[in-house]
Amino acid sequence: MQIMLNNLKRTYGTLHAVNGISLFIPSNTIYGIIGKSGAGKSTLVRLISLLERPDEGEVHFDDTRVDNLEKDSLIQRRRRIGMIFQNFNLFSSRNAEQNIAYPLEITGVPKQQITERVDTLLSLVGLEGRGKAPISTLSGGQKQRVAIARALATDPDILFCDEATSALDPQTTHAILALLKEIQRKMSLTVVMITHQMEVVRDACDQVAVLDDGVVVEQGLVTDIFANPSSEVTKEFLTHLVGLDESSLSDDHMVHWSKKKGAYTLRFRGGTTDQPILSKISRQIGVDFNIRAGGVQKVSDVEIGTMLVDISGSDEEKKRAIEALKQMGVVVEEEVAE
Ligand SMILES: Nc1ncnc2c1ncn2[C@@H]1O[C@H](COP(=O)(O)OP(=O)(O)OP(=O)(O)O)[C@@H](O)[C@H]1O
């Protein structure tokens with residue numbers, strides 16, 4: 001199921017929470033929507049998941065306009081949308097299998113069929129044999145697995161994950177993202193992942209839109225955006241991710257040799273990460289590179305290298321060195337003096 005948003009707007013009083021968003025979310029993909037607190041992510045999700053109507057603009061699922069559906073068709077359409085949340089939203093009075101069964105009960109599915117479907121879903125999310133467990137006895141990761149099974153019960157074609165891993169530790173986050181990727185493939189789902197964590201985008205999403213102040217400031221393939229971010233917001237997210245600020249010197253993607261950041265950030269992608277580019281340019285142009293920090297991380301199986309460097313030489317030599325780096329496919333960002 002592909003999703004097309006056309007100039008969506010939602011205003012609360014004088015606040016433009018979503019201010020003209022157009023996006024194309026292809027079918028059978030994991031699409032990330034990232035933004036800081038207040039950027040408009042939750043509002044956008046409520047509009048796309050048909051929980052709220054936009055003031056202006058249109059939402060299309062495949063070839064059907066869905067933002068203006070009448071009540072009955074709206075309810076029908078919403079049943080094919082699964083949602084999971086940061087705080088799981090499970091019924092604490094029901095055990096795991098009763099939670100998963102709930103959406104099937106309210107749509108009148110026969111009991112025998114419910115039992116079979118719940119068993120299949122429990123095994124899909126790796127909780128075989130835990131159906132009778134009271135919710136309070138489950139870990140955060142297990143609760144999210146129950147929530148995923150419940151969201152999938154009615155066989156949706158779109159799954160929204162609203163900060164689904166934000167309350168989980170890194171290891172559990174990793175396991176839940178792996179499960180979501182597996183389920184997405186198995187069920188050919190369109191998954192929309194709302195997050196404020198670039199790690200989630202890096203580890204799970206194919207494409208991403210970056211939101212700021214109710215608008216999309218950047219969007220595209222995750223590998224492209226990691227290698228060549230254009231908006232300030234994206235760069236800031238990436239800075240925190242790779243731990244370039246001095247407060248996170250022990251970050252696991254970067255090794256820091258110096259407390260200074262370096263005047264230039266170099267981003268290498270794929271094939272360029274294993275070439276001796278710096279020494280080549282150093283020999284050719286006569287500049288010296290002082291590497292202050294560096295690291296390589298995998299983004300959708302593509303290696304993206306980041307290096308913080310100072311370049312010494314005349315202004316003219318520095319200019320030529322930067323030009324040569326760019327010609328070799330390296331993205332160069334200059335630290336702006338404050
Ligand atoms: N129902 C509402 N009534 C009034 N203002 C709202 C309402 N919902 C959202 N807002 C405002 O709209 C803006 C965008 O909020 P939204 O919750 O969509 O952002 P967000 O990116 O999801 O933030 P967070 O990550 O903190 O949840 C905020 O300034 C918020 O205060």
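**Entry 1: H3 against H5**

I looked up how H3 and H5 pack in this predicted model. Their angle is about 25°, and their axes lie 7 Å apart. Angles under 35 degrees count as roughly parallel, so I log H3 and H5 as roughly parallel to each other. The handedness came next: H3 and H5 cross in a right-handed way. I then listed the residues that touch. H3 brings Ala96, Asn99, Ile100 and Pro103, while H5 brings Val146, Ala149 and Arg150. Sorted by class, the contact of H3 with H5 has 5 nonpolar, 1 polar and 1 charged residues.

**Entry 2: H5 against H6**

I stayed with H5 and turned to its packing with H6. The axes of H5 and H6 come within 10 Å and cross at roughly 20°. H5 and H6 are therefore roughly parallel to each other. The crossing of H5 past H6 is right-handed.

Which residues of H5 meet H6? I found Gly141, Gln144, Arg145, Ile148 and Leu152 on the H5 side. On the H6 side I noted Thr172, Ala175, Ile176, Leu179, Leu180, Ile183 and Met187. This contact of H5 with H6 divides into 8 nonpolar, 3 polar and 1 charged residues.

**Entry 3: the largest pocket**

Next I checked open space. The largest pocket has a volume of about 580 Å³. Its lining takes in 19 residues. Which of them lie nearest the centre? I wrote down Arg78, Arg79, Ile81, Pro103 and Ile106.

I traced the lining back to secondary structure. Two or more residues each come from helix H2 (71-78), strand E6 (81-85), helix H3 (96-106) and helix H5 (140-152). E6 gives the most, with 4 residues. H3 and H5 are thus both on my list for this pocket, and Pro103 of H3 also sits in the contact with H5. By class, I count 11 nonpolar, 5 polar and 3 charged residues in the lining of the largest pocket.

**Entry 4: the largest cavity**

How many cavities of 30 Å³ or more does the structure hold? I recorded 2. The largest cavity contains about 50 Å³ of space. I listed its lining in full: Cys161, Glu163, Ala164, Thr165, Ser166, Leu177, Leu180, Met193, Ile194, Thr195, Gln197 and Val200.

Helix H6 (170-187) and strand E8 (190-195) are the elements that give two or more residues to this lining. Which gives the most? E8 does, with 3 residues. I noticed Leu180 twice: it lines the largest cavity, and in H6 it takes part in the contact with H5. The lining of the largest cavity splits by class into 7 nonpolar, 4 polar and 1 charged residues.

**Entry 5: H10 against H11**

Last, I looked up helix H10 (residues 277-285) and helix H11 (residues 315-327). They pack at an angle of about 140°, and their axes are 10 Å apart. That makes H10 oblique to H11. H10 passes H11 in a right-handed crossing.

What does each helix put into the contact? From H10 I have Ile277, Leu278, Ile281 and Ile285. These meet Glu317, Arg320, Ala321, Ala324 and Leu325 of H11. By class, I logged 7 nonpolar, no polar and 2 charged residues for the contact of H10 with H11.

Note on methods: Residues are numbered from 1 along each chain as its sequence is written. This is a predicted model: local features need pLDDT of at least 70, side-chain atom pairs count only at pLDDT 80 or more; totals for chains, interfaces and linings use all residues. Side-chain values use heavy atoms; hydrogens and water are left out. Axes are lines fitted to C-alpha atoms, for helices over the stretch in contact, and angles run from 0 to 180 degrees between N-to-C directions. Angles under 35 degrees count as roughly parallel, over 145 as roughly antiparallel, 65 to 115 as roughly perpendicular and the rest as oblique. A crossing is left-handed if the near helix is turned anticlockwise from the far one by less than a right angle, and right-handed if clockwise. Contact means heavy atoms within 4.5 Å. Ala, Val, Leu, Ile, Met, Phe, Trp, Tyr, Cys and Pro count as nonpolar, Asp, Glu, Lys and Arg as charged, and the others, Gly among them, as polar. On a 1 Å grid over the protein atoms alone, a cavity is a set of points where a 1.4 Å probe fits but cannot get out, and a pocket is an open set with protein on both sides within 12 Å along at least five of seven lines; lining residues have an atom within 4 Å of a point. Grid points are joined across faces, edges and corners, and a volume is the space filled by probe spheres set on the points.
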